[in-house]
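User: I would like a close look at one part of this protein, a small sheet and what surrounds it. After that, please go on to the aromatic contacts.

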Amino acid sequence: MQDLSSQFLVRKDITYLNYGSFGACAKPVFERYQQYQLELEQEAVQFITVNGPKYLEQSRTALGNYINCHQDDVVFVPNPSYAVNIVAKSFDLKPGDEILSTNLEYGACDRTWSYYCKKAGAVYKRQPIRLPLISKEDFIEQFFQGLTTKTRMVFISQITSATGLRFPVEEICAIAKEKGLITFVDGAHGPGHVPVDVQAMQADMYTGACHKWMMTPKGSSFLYVKKEFQSWLDPLTVSWGYDAIHPSHSQFLDYHQMQGTRDFSAFLTIPDAIAFMEKHDWVNVAAHYRKLTQDHAAEFCRLLQTEPLAPVTDDFIAQLFSAKIKTAEPEKLQKHLFNEYKIEIPVMRQGEDIYLRYSLHAINSQQDMDKLFNAIAAIKKTTNLIES
(Lines give C-alpha, C1' and ligand atoms only; values in the text may rest on other atoms or scores of the structure.)
Protein backbone atom coordinates (compact mmCIF):
# COMPACT_ATOMS: atom_id res chain seq x y z
CA MET A 1 0.00 0.00 0.00
CA GLN A 2 1.35 3.42 -0.99
CA ASP A 3 2.23 5.82 1.82
CA LEU A 4 -0.15 8.77 1.51
CA SER A 5 0.65 10.45 4.83
CA SER A 6 2.60 13.21 3.05
CA GLN A 7 -0.63 14.22 1.31
CA PHE A 8 -2.10 15.52 4.58
CA LEU A 9 -1.42 18.45 6.90
CA VAL A 10 -1.90 16.66 10.22
CA ARG A 11 0.89 17.38 12.71
CA LYS A 12 3.67 14.80 12.50
CA ASP A 13 4.25 14.81 16.27
CA ILE A 14 0.71 13.56 16.93
CA THR A 15 -0.48 9.97 16.66
CA TYR A 16 -3.82 10.84 15.11
CA LEU A 17 -6.37 8.08 15.77
CA ASN A 18 -9.46 10.27 15.72
CA TYR A 19 -10.06 10.71 12.02
CA GLY A 20 -13.71 9.89 12.61
CA SER A 21 -14.51 13.10 14.47
CA PHE A 22 -13.52 15.84 12.03
CA GLY A 23 -11.47 14.14 9.33
CA ALA A 24 -8.34 15.57 7.76
CA CYS A 25 -8.25 17.46 4.49
CA ALA A 26 -5.97 16.24 1.70
CA LYS A 27 -3.38 18.82 0.65
CA PRO A 28 -4.55 19.25 -2.98
CA VAL A 29 -8.12 19.71 -1.75
CA PHE A 30 -7.06 22.21 0.90
CA GLU A 31 -5.06 24.18 -1.68
CA ARG A 32 -8.12 24.37 -3.94
CA TYR A 33 -10.14 25.51 -0.93
CA GLN A 34 -7.72 28.38 -0.35
CA GLN A 35 -7.94 29.35 -4.01
CA TYR A 36 -11.71 29.67 -3.70
CA GLN A 37 -11.33 31.70 -0.53
CA LEU A 38 -8.90 34.04 -2.28
CA GLU A 39 -11.29 34.46 -5.19
CA LEU A 40 -14.04 35.28 -2.71
CA GLU A 41 -11.94 37.93 -1.00
CA GLN A 42 -10.72 39.50 -4.23
CA GLU A 43 -14.23 40.04 -5.64
CA ALA A 44 -16.89 39.01 -3.19
CA VAL A 45 -19.90 40.22 -5.19
CA GLN A 46 -19.01 38.27 -8.31
CA PHE A 47 -18.09 35.19 -6.29
CA ILE A 48 -21.26 35.07 -4.17
CA THR A 49 -23.84 36.19 -6.71
CA VAL A 50 -22.45 35.13 -10.09
CA ASN A 51 -19.75 32.48 -9.97
CA GLY A 52 -20.72 30.89 -6.65
CA PRO A 53 -24.04 29.42 -7.84
CA LYS A 54 -22.26 27.91 -10.85
CA TYR A 55 -19.57 26.42 -8.62
CA LEU A 56 -22.23 25.01 -6.30
CA GLU A 57 -23.98 23.35 -9.24
CA GLN A 58 -20.71 21.76 -10.35
CA SER A 59 -20.18 20.47 -6.84
CA ARG A 60 -23.73 19.14 -6.53
CA THR A 61 -23.32 17.38 -9.87
CA ALA A 62 -20.11 15.67 -8.77
CA LEU A 63 -21.64 14.68 -5.44
CA GLY A 64 -24.82 13.44 -7.12
CA ASN A 65 -22.78 11.18 -9.38
CA TYR A 66 -20.81 9.95 -6.37
CA ILE A 67 -23.83 8.96 -4.25
CA ASN A 68 -26.11 8.16 -7.22
CA CYS A 69 -28.78 10.85 -7.18
CA HIS A 70 -29.83 13.84 -9.27
CA GLN A 71 -27.84 17.00 -8.60
CA ASP A 72 -31.01 18.91 -7.66
CA ASP A 73 -31.88 16.46 -4.90
CA VAL A 74 -28.95 17.51 -2.67
CA VAL A 75 -28.26 20.73 -0.82
CA PHE A 76 -25.13 21.59 1.12
CA VAL A 77 -25.16 22.10 4.88
CA PRO A 78 -22.35 22.74 7.38
CA ASN A 79 -22.78 19.40 9.16
CA PRO A 80 -25.23 16.50 9.48
CA SER A 81 -26.67 17.89 12.73
CA TYR A 82 -27.81 20.94 10.73
CA ALA A 83 -29.51 18.64 8.22
CA VAL A 84 -31.29 16.72 10.97
CA ASN A 85 -32.55 20.03 12.34
CA ILE A 86 -34.04 20.93 8.95
CA VAL A 87 -35.96 17.67 8.80
CA ALA A 88 -37.01 17.49 12.46
CA LYS A 89 -38.24 21.09 12.53
CA SER A 90 -40.24 20.65 9.31
CA PHE A 91 -41.69 17.21 9.95
CA ASP A 92 -45.42 17.46 10.66
CA LEU A 93 -45.41 15.70 14.00
CA LYS A 94 -48.74 15.12 15.76
CA PRO A 95 -49.31 14.23 19.42
CA GLY A 96 -48.57 10.54 19.91
CA ASP A 97 -46.52 10.13 16.71
CA GLU A 98 -43.32 8.15 17.07
CA ILE A 99 -39.90 8.45 15.44
CA LEU A 100 -38.18 5.05 15.67
CA SER A 101 -34.43 5.16 16.28
CA THR A 102 -31.87 3.35 18.43
CA ASN A 103 -30.19 4.09 21.74
CA LEU A 104 -26.83 4.24 19.92
CA GLU A 105 -27.36 7.39 17.85
CA TYR A 106 -25.27 10.55 17.85
CA GLY A 107 -26.02 12.78 20.84
CA ALA A 108 -26.67 15.97 18.87
CA CYS A 109 -29.25 14.19 16.72
CA ASP A 110 -30.88 12.61 19.78
CA ARG A 111 -31.25 16.05 21.28
CA THR A 112 -32.69 17.51 18.08
CA TRP A 113 -35.40 14.86 17.75
CA SER A 114 -36.15 14.95 21.47
CA TYR A 115 -36.61 18.73 21.33
CA TYR A 116 -39.04 18.77 18.41
CA CYS A 117 -40.91 15.65 19.53
CA LYS A 118 -41.44 17.18 22.97
CA LYS A 119 -42.79 20.38 21.42
CA ALA A 120 -45.30 18.38 19.36
CA GLY A 121 -46.25 15.88 22.05
CA ALA A 122 -44.65 13.13 19.95
CA VAL A 123 -42.18 10.41 20.98
CA TYR A 124 -38.58 9.96 19.96
CA LYS A 125 -38.22 6.23 20.57
CA ARG A 126 -34.62 5.18 21.21
CA GLN A 127 -35.08 1.44 20.80
CA PRO A 128 -32.62 -0.39 23.10
CA ILE A 129 -30.08 -2.50 21.23
CA ARG A 130 -28.38 -5.33 23.09
CA LEU A 131 -24.64 -5.54 22.62
CA PRO A 132 -22.73 -7.39 21.43
CA LEU A 133 -24.64 -7.87 18.19
CA ILE A 134 -24.77 -11.39 16.82
CA SER A 135 -25.78 -10.85 13.19
CA LYS A 136 -27.58 -8.46 10.85
CA GLU A 137 -30.75 -10.41 11.46
CA ASP A 138 -30.27 -10.02 15.21
CA PHE A 139 -29.98 -6.25 14.88
CA ILE A 140 -32.97 -5.93 12.52
CA GLU A 141 -35.15 -8.00 14.85
CA GLN A 142 -34.14 -5.91 17.86
CA PHE A 143 -34.72 -2.67 16.02
CA PHE A 144 -38.20 -3.41 14.73
CA GLN A 145 -39.35 -4.57 18.15
CA GLY A 146 -39.80 -0.82 18.67
CA LEU A 147 -42.27 -0.52 15.80
CA THR A 148 -45.87 0.40 16.67
CA THR A 149 -48.92 1.63 14.79
CA LYS A 150 -47.84 5.16 15.76
CA THR A 151 -44.41 4.96 14.09
CA ARG A 152 -44.10 7.46 11.22
CA MET A 153 -40.38 7.61 10.51
CA VAL A 154 -37.25 5.54 10.91
CA PHE A 155 -34.14 7.56 11.78
CA ILE A 156 -30.95 5.52 11.93
CA SER A 157 -27.18 5.84 11.59
CA GLN A 158 -25.31 4.15 8.78
CA ILE A 159 -22.25 4.02 11.05
CA THR A 160 -22.56 5.01 14.69
CA SER A 161 -20.30 7.51 16.38
CA ALA A 162 -19.48 6.22 19.87
CA THR A 163 -19.78 2.50 19.15
CA GLY A 164 -18.37 2.65 15.61
CA LEU A 165 -20.85 0.04 14.35
CA ARG A 166 -22.03 -0.22 10.78
CA PHE A 167 -25.78 -0.86 10.72
CA PRO A 168 -27.63 -2.70 7.90
CA VAL A 169 -29.41 0.44 6.73
CA GLU A 170 -30.20 -1.00 3.29
CA GLU A 171 -32.19 -3.83 4.86
CA ILE A 172 -33.77 -1.50 7.43
CA CYS A 173 -34.90 0.95 4.73
CA ALA A 174 -36.33 -1.85 2.57
CA ILE A 175 -38.41 -3.21 5.45
CA ALA A 176 -39.49 0.29 6.49
CA LYS A 177 -40.67 1.08 2.96
CA GLU A 178 -42.74 -2.12 2.92
CA LYS A 179 -44.41 -0.86 6.10
CA GLY A 180 -45.09 2.58 4.61
CA LEU A 181 -42.62 4.43 6.81
CA ILE A 182 -40.45 7.42 5.89
CA THR A 183 -36.73 6.68 6.16
CA PHE A 184 -33.97 9.09 7.17
CA VAL A 185 -30.38 7.83 7.37
CA ASP A 186 -27.67 9.64 9.30
CA GLY A 187 -24.65 8.92 7.11
CA ALA A 188 -22.21 11.27 8.83
CA HIS A 189 -19.54 8.54 8.62
CA GLY A 190 -20.65 7.10 5.28
CA PRO A 191 -19.29 8.86 2.18
CA GLY A 192 -15.66 8.01 1.49
CA HIS A 193 -15.78 5.35 4.20
CA VAL A 194 -18.21 2.77 2.83
CA PRO A 195 -20.12 2.67 -0.48
CA VAL A 196 -23.08 5.06 -0.54
CA ASP A 197 -25.81 4.64 -3.16
CA VAL A 198 -28.91 6.45 -1.98
CA GLN A 199 -31.07 4.95 -4.72
CA ALA A 200 -30.13 1.38 -3.86
CA MET A 201 -30.46 2.21 -0.15
CA GLN A 202 -34.05 3.43 -0.67
CA ALA A 203 -33.54 6.20 1.86
CA ASP A 204 -36.09 9.00 1.57
CA MET A 205 -33.54 11.31 3.18
CA TYR A 206 -29.84 10.93 3.79
CA THR A 207 -27.32 13.28 5.33
CA GLY A 208 -23.59 12.77 4.98
CA ALA A 209 -20.41 14.59 5.93
CA CYS A 210 -17.79 15.29 3.28
CA HIS A 211 -15.29 16.71 5.78
CA LYS A 212 -14.79 13.34 7.48
CA TRP A 213 -13.85 10.43 5.22
CA MET A 214 -14.13 12.34 1.92
CA MET A 215 -11.33 14.68 3.05
CA THR A 216 -12.86 18.08 2.25
CA PRO A 217 -12.39 21.14 4.50
CA LYS A 218 -14.40 21.36 7.71
CA GLY A 219 -18.03 22.42 7.51
CA SER A 220 -18.87 20.55 4.31
CA SER A 221 -21.87 18.21 4.40
CA PHE A 222 -25.08 17.58 2.49
CA LEU A 223 -28.72 16.62 2.74
CA TYR A 224 -30.29 14.39 0.09
CA VAL A 225 -34.09 14.36 -0.12
CA LYS A 226 -36.35 12.51 -2.53
CA LYS A 227 -38.35 14.91 -4.66
CA GLU A 228 -41.67 13.89 -3.15
CA PHE A 229 -40.56 15.14 0.29
CA GLN A 230 -38.69 18.30 -0.69
CA SER A 231 -41.66 20.67 -0.67
CA TRP A 232 -42.38 20.28 3.05
CA LEU A 233 -38.85 21.06 4.23
CA ASP A 234 -38.65 24.64 5.49
CA PRO A 235 -35.30 26.43 5.60
CA LEU A 236 -33.78 26.93 9.04
CA THR A 237 -33.03 30.49 7.94
CA VAL A 238 -35.65 32.19 5.77
CA SER A 239 -33.85 34.32 3.20
CA TRP A 240 -34.01 35.47 -0.43
CA GLY A 241 -34.98 32.03 -1.69
CA TYR A 242 -38.43 32.32 -0.13
CA ASP A 243 -40.89 34.12 -2.41
CA ALA A 244 -37.88 34.70 -4.67
CA ILE A 245 -37.91 37.53 -7.20
CA HIS A 246 -36.33 35.17 -9.71
CA PRO A 247 -37.19 31.66 -8.53
CA SER A 248 -35.24 28.78 -9.99
CA HIS A 249 -36.63 25.47 -11.20
CA SER A 250 -36.31 24.09 -7.64
CA GLN A 251 -37.89 25.44 -4.45
CA PHE A 252 -35.68 22.97 -2.57
CA LEU A 253 -32.55 24.73 -3.83
CA ASP A 254 -34.02 28.20 -3.44
CA TYR A 255 -34.93 27.58 0.19
CA HIS A 256 -31.76 25.88 1.33
CA GLN A 257 -28.81 26.76 -0.89
CA MET A 258 -28.24 30.46 -0.22
CA GLN A 259 -29.11 31.73 3.27
CA GLY A 260 -27.12 34.92 3.63
CA THR A 261 -23.47 35.90 3.48
CA ARG A 262 -21.06 33.12 4.34
CA ASP A 263 -17.92 31.49 3.00
CA PHE A 264 -19.18 28.37 1.23
CA SER A 265 -15.80 27.52 -0.30
CA ALA A 266 -15.63 24.18 1.53
CA PHE A 267 -18.64 22.92 -0.46
CA LEU A 268 -16.91 23.71 -3.74
CA THR A 269 -13.99 21.35 -3.13
CA ILE A 270 -16.10 18.19 -3.28
CA PRO A 271 -15.20 17.52 -6.96
CA ASP A 272 -11.51 17.85 -6.03
CA ALA A 273 -11.91 15.41 -3.14
CA ILE A 274 -13.60 12.89 -5.42
CA ALA A 275 -10.82 13.34 -7.98
CA PHE A 276 -8.22 12.77 -5.24
CA MET A 277 -9.89 9.52 -4.25
CA GLU A 278 -10.10 8.35 -7.86
CA LYS A 279 -6.44 9.18 -8.47
CA HIS A 280 -5.33 7.14 -5.48
CA ASP A 281 -7.64 4.15 -6.02
CA TRP A 282 -9.62 4.80 -2.85
CA VAL A 283 -11.57 1.56 -3.00
CA ASN A 284 -8.34 -0.30 -2.32
CA VAL A 285 -7.08 2.31 0.17
CA ALA A 286 -10.28 1.98 2.20
CA ALA A 287 -10.10 -1.82 2.00
CA HIS A 288 -6.51 -1.76 3.31
CA TYR A 289 -7.37 0.39 6.33
CA ARG A 290 -10.58 -1.52 6.99
CA LYS A 291 -8.50 -4.69 7.26
CA LEU A 292 -5.93 -2.93 9.46
CA THR A 293 -8.74 -1.74 11.73
CA GLN A 294 -10.21 -5.23 11.99
CA ASP A 295 -6.85 -6.95 12.47
CA HIS A 296 -6.13 -4.92 15.61
CA ALA A 297 -9.55 -5.36 17.20
CA ALA A 298 -8.69 -8.51 19.16
CA GLU A 299 -5.57 -7.06 20.80
CA PHE A 300 -7.41 -3.81 21.56
CA CYS A 301 -10.17 -5.72 23.33
CA ARG A 302 -7.66 -7.92 25.16
CA LEU A 303 -5.87 -4.88 26.57
CA LEU A 304 -9.15 -3.37 27.70
CA GLN A 305 -10.45 -6.71 29.01
CA THR A 306 -13.61 -6.58 26.97
CA GLU A 307 -15.27 -8.19 23.93
CA PRO A 308 -16.05 -6.78 20.46
CA LEU A 309 -19.44 -5.09 20.16
CA ALA A 310 -20.23 -7.13 17.04
CA PRO A 311 -18.59 -9.70 14.78
CA VAL A 312 -15.39 -8.16 13.40
CA THR A 313 -16.45 -8.40 9.77
CA ASP A 314 -17.26 -5.97 6.97
CA ASP A 315 -20.93 -6.20 7.96
CA PHE A 316 -20.29 -4.26 11.17
CA ILE A 317 -16.74 -2.85 11.21
CA ALA A 318 -15.08 -0.56 8.68
CA GLN A 319 -12.37 1.95 9.65
CA LEU A 320 -13.75 2.68 13.12
CA PHE A 321 -13.46 0.35 16.07
CA SER A 322 -14.81 1.01 19.55
CA ALA A 323 -14.54 -1.03 22.71
CA LYS A 324 -16.04 -0.56 26.16
CA ILE A 325 -13.59 0.79 28.68
CA LYS A 326 -13.79 0.95 32.45
CA THR A 327 -12.84 4.41 33.62
CA ALA A 328 -14.28 6.76 36.19
CA GLU A 329 -12.79 9.80 34.47
CA PRO A 330 -13.14 9.52 30.67
CA GLU A 331 -12.34 13.17 29.97
CA LYS A 332 -9.21 12.98 32.14
CA LEU A 333 -8.12 9.80 30.36
CA GLN A 334 -8.52 11.44 26.96
CA LYS A 335 -6.41 14.42 28.04
CA HIS A 336 -3.79 12.13 29.57
CA LEU A 337 -3.43 10.18 26.32
CA PHE A 338 -2.92 13.42 24.44
CA ASN A 339 -0.73 15.32 26.90
CA GLU A 340 1.51 12.44 27.95
CA TYR A 341 1.59 10.27 24.83
CA LYS A 342 0.60 12.69 22.03
CA ILE A 343 -2.20 10.34 20.99
CA GLU A 344 -5.38 11.95 19.70
CA ILE A 345 -8.15 9.45 20.38
CA PRO A 346 -11.70 9.92 21.73
CA VAL A 347 -13.03 8.50 24.97
CA MET A 348 -16.75 8.65 24.31
CA ARG A 349 -19.88 8.42 26.44
CA GLN A 350 -22.97 6.62 25.17
CA GLY A 351 -25.63 6.47 27.82
CA GLU A 352 -24.06 4.88 30.89
CA ASP A 353 -21.29 3.23 28.88
CA ILE A 354 -17.88 4.60 27.92
CA TYR A 355 -15.99 3.66 24.77
CA LEU A 356 -12.46 4.10 23.48
CA ARG A 357 -12.53 4.40 19.68
CA TYR A 358 -9.73 4.33 17.14
CA SER A 359 -10.10 5.19 13.46
CA LEU A 360 -7.54 4.45 10.77
CA HIS A 361 -7.05 6.32 7.53
CA ALA A 362 -4.36 7.13 4.97
CA ILE A 363 -2.38 9.08 7.57
CA ASN A 364 -1.95 6.01 9.80
CA SER A 365 0.43 3.07 10.03
CA GLN A 366 1.16 0.01 12.13
CA GLN A 367 3.44 2.16 14.27
CA ASP A 368 0.45 4.25 15.37
CA MET A 369 -1.35 1.21 16.73
CA ASP A 370 1.81 0.04 18.47
CA LYS A 371 2.03 3.43 20.22
CA LEU A 372 -1.59 3.17 21.32
CA PHE A 373 -1.24 -0.35 22.70
CA ASN A 374 1.98 0.56 24.54
CA ALA A 375 0.29 3.63 26.01
CA ILE A 376 -2.73 1.63 27.22
CA ALA A 377 -0.45 -0.93 28.87
CA ALA A 378 1.59 1.81 30.57
CA ILE A 379 -1.48 3.69 31.80
CA LYS A 380 -2.88 0.50 33.33
CA LYS A 381 0.38 -0.03 35.20
CA THR A 382 1.03 3.53 36.37
CA THR A 383 -2.40 5.13 36.89
CA ASN A 384 -5.95 4.24 37.87
CA LEU A 385 -7.44 5.89 34.77
CA ILE A 386 -8.18 2.49 33.19
CA GLU A 387 -9.78 0.06 35.59
CA SER A 388 -9.30 -3.69 35.43
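How many bridges join S9 to strand S12, and in which direction do the two strands run?

Analyst: This is a predicted model, and what follows should be read in that light. Strand S12, residues 353-359, is joined to S9 by 5 bridges, and the two run antiparallel. One facing pair along them is Leu320 and Ser359, the latter in S12.

S9 and S12 belong to an open sheet of 3 strands, ordered S9-S12-S11, with antiparallel pairing. Strand S9 (320-324) and strand S11 (347-350) are its edge strands, each pairing on one side only. On average, neighbouring strands in this sheet are turned by 35° against each other, direction ignored. In general, the strands of a sheet pair through backbone hydrogen bonds, whether parallel or antiparallel. Helix H15, made of residues 330-341, lies across S11 and S12 and runs at about 160° to S11.

Now to the aromatic contacts. Searching the whole structure gives 22 aromatic pairs. One of them is Phe30 with Tyr33: the ring centres are 5.7 Å apart and the planes stand at 55°, so this pair counts as tilted. Both residues lie in helix H2 (residues 27-42), where they are 3 residues apart, about one turn of the helix. Their exposure can be given one by one. Phe30 is partly exposed because its relative accessibility is 27%, while Tyr33 has a relative accessible area of 16% and is therefore buried.

Another tilted aromatic pair is formed by Phe91 and Trp232, with 5.5 Å from centre to centre and 55° between the planes. This pair links distant parts of the chain, the two residues being 141 residues apart. Phe91 is in the loop between helix H4 (80-90) and strand S3 (98-102), and Trp232 is in the loop between helix H9 (227-230) and helix H10 (251-256). Phe91 is buried because its relative accessible area is 6%, under the 20% limit. Trp232, at a relative accessible area of 25%, is partly exposed.

Ring pairs also build a cluster out of Tyr36, Phe47, Tyr55 and Phe264. Tyr36 has a charged neighbour as well: the charged end of Arg32 sits over the Tyr36 ring, 3.9 Å from the ring centre.

Terms used: Residues are numbered from 1 along each chain as its sequence is written. This is a predicted model: local features need pLDDT of at least 70, side-chain atom pairs count only at pLDDT 80 or more; totals for chains, interfaces and linings use all residues. Side-chain values use heavy atoms; hydrogens and water are left out. Two strands pair if DSSP finds at least two bridges between them. Helices (H or I, at least four residues) and strands (E, at least two) are DSSP runs, numbered from the N terminus. Axes are lines fitted to C-alpha atoms, for helices over the stretch in contact, and angles run from 0 to 180 degrees between N-to-C directions. Contact means heavy atoms within 4.5 Å. Rings of Phe, Tyr and Trp (its six-membered ring) pair if their centres lie within 6.5 Å; planes under 30 degrees apart count as stacked, over 60 as edge-to-face and the rest as tilted. Buried means under 20% relative accessible area, exposed over 50%, partly exposed in between (1.4 Å probe, protein chains only). A charge sits over a ring if NZ of Lys or CZ of Arg is within 6 Å of the ring centre and within 35 degrees of the ring normal.
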